Every structure is written in C-alpha cells, then in structure tokens.
Amino acid sequence: MESSAAAAPPHGTVRSESADHTHAIGRALGERAQPGTVVALVGELGAGKTRLTKGIAEGLGITGVVNSPTFVLMNEHHGRLPLYHVDAYRLGDPEEGVAAGLLDEGHADGVAVIEWADRLDAYLPEERLEIVIEIAGADATTRDLHWRAHGRQHVRLASEALGS
Ligand SMILES: Nc1ncnc2c1ncn2[C@@H]1O[C@H](COP(=O)(O)OP(=O)(O)O)[C@@H](O)[C@H]1O
Ligand SMILES: [Mg+2]
C-alpha cells in the first residue's frame, strides 16, 4: 500500500497549563482563522471548550460576551469575520442539527466553532480542525489539546497557530 495515501492527517498535542493559556491558544487561532475555518471541539464538561472559543473570538476582534449558546444551539458574533458558535450538547441526534441548519454553506463566510462536535457525528464538515481537550495530569489546570487537521486550510492554521 502507498504510504502517502494511508498517511494520517497532520496532528499533534499542545499542553495548556492554565485557563489563560487556553485562551491565548484560542486567540492565536482566531487571529489566523479564515473564511471557512471550522474548529470542532470535543471534551467533557469543564474541559475548556468555551474558554478556547472565547480566545478565538478575541482573536477575531469580537468584543462582546461569548458564552455557550446552550439554549439556541448557535450564536453569531461579528468581528473581523463572523463567528458561528455552535453548542451541540443538547442535540437529540445529529440529524436534528442538520435540520436546524447548524452548519451549511451559509457559514462559509466565517469561522465555525462547534462545542460537543462529536454529537454531530458524520454531519461534521470533512474539512476541519479537530481539537480534543483532555483534562490531564494531577494539576487541576492542566489540559492536553490533541489536534488533527483535515484539509489544506486547517493544516496551515494548525501549523501557524499551534506551532507544528
Ligand atoms: N488549562 C485550562 N484550560 C481551560 N480551562 C481551564 C483550564 N484550567 C482550568 N480551567 C477552568 O475549567 C473551566 C472550563 O470551562 P468551560 O470552558 O466552560 O468548559 P467546557 O465549555 O468544555 O464545558 C473554567 O472554569 C476554567 O477556568
Ligand atoms: Mg462549553
């Protein structure tokens, strides 16, 4: 089998030592995000998905408050680019998200950040930067951000903002 065809997508791990550190990682992502950027966040409650999203928002120049859109599934914010902030926590099943128009072509002009992205399952855009936030170590503020980049745009974003 050809090794290039079987190659895993570019991936890596960034360790965050604090909530502020996670915010700064998000800001670096937001500063370099482009139209069509999709950031798919996975991690248990309290992992830091919203914290990372707030950093992304700041990097996009968004000055308003960014909280989890728990009751509406998606919030829209406007900075350098629109930010579509999705929280799939309350999604009954992935198709419900599609029916609600959570992620369609209308969002290609901006940056989509999806908390609980695993709940959208196969309906996630194929091209995306996936970040699994793992609560790591004995220290309550240590997180490992395991990222995997799908598609050229997201590979470039990861290499610029996550430093690999
Ligand atoms: N390294 C870290 N990164 C992100 N959040 C952290 C970190 N260390 C501690 N925290 C705390 O964990 C909580 C994460 O909350 P939140 O971002 O809302 O999580 P989620 O959206 O994944 O449920 C916050 O209270 C934050 O201050
Ligand atoms: Mg959250």
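**Strands, core and ligand shell**

In this predicted model, strands β4 and β5 run parallel and are joined by five bridges. One pair to look for is L83, which stands opposite V111 in β5. On the β3 side the direction changes: β3 and β4 run antiparallel, again with five bridges between them. These two strands form a hairpin, with three residues between them, and H78 has P82 of β4 as its bridge partner. Strand β4 is also mostly covered, as five of its six residues are buried.

Further antiparallel pairing involves β7. Strand β1, residues 11-16, is joined to β7 by six bridges, and here T13 can be found opposite H146. Strand β6 pairs with β7 as well, in the antiparallel sense and over eight bridges. Within that pairing, L129 is matched with A149 of β7.

L129 is a good place from which to explore the interior. The largest nonpolar core has 38 residues, and those touching the most other members are V39, L41, V113, I114 and L129. Both helices and strands contribute: at least two core residues come from each of α2 (19-32), β2 (38-42), α3 (49-59), β4 (82-87), β5 (111-115), β6 (128-135), β7 (143-150) and α5 (152-161). What does L129 contact, beyond its neighbours within four places in sequence? The partners are V38, V39, A40, W147, A149, H154, L157 and A158.

Helix α3 deserves a closer look. Of its 11 residues, 10 are buried, so the helix is largely enclosed by the rest of the structure. The buried residues include K49, T50, R51 and K54, along with L52, I56 and A57. Which elements do the buried residues of α3 pack against? They pack against helix α2 and against the strands β2, β3 (74-78), β4, β5 and β6. After the helix comes G61, with a positive phi near 80 degrees.

Helix α3 also takes part in the surroundings of ligand 1. Of the 16 residues around this ligand, T22, G48, K49, T50 and T141 come nearest. The elements giving two or more residues to the shell are α2 and α3. By class, the shell holds nine polar, four charged and three nonpolar residues. Two names are worth following from one part of the structure to the next: K49 and T50 are buried in α3, and K49 and T50 are also among the residues that come nearest to ligand 1.

Terms used:
Residues are numbered from 1 along each chain as its sequence is written. Chains are lettered from A and ligands numbered from 1 in the order in which they are written. This is a predicted model: local features need pLDDT of at least 70, side-chain atom pairs count only at pLDDT 80 or more; totals for chains, interfaces and linings use all residues. A nonpolar core is a set of buried Ala, Val, Leu, Ile, Met, Phe, Trp, Tyr and Cys residues joined through C-beta atoms within 7 Å. A residue is buried if 20 or more other C-beta atoms lie within 10 Å of its own, exposed if 12 or fewer, and partly exposed in between; C-beta atoms are placed from the backbone. Helices (H or I, at least four residues) and strands (E, at least two) are DSSP runs, numbered from the N terminus. Two residues are in contact if their C-beta atoms, placed from the backbone, lie within 7 Å. A residue is near a molecule or strand if its C-beta atom, placed from the backbone, lies within 6 Å of it. Ala, Val, Leu, Ile, Met, Phe, Trp, Tyr, Cys and Pro count as nonpolar, Asp, Glu, Lys and Arg as charged, and the others, Gly among them, as polar. Two strands pair if DSSP finds at least two bridges between them.
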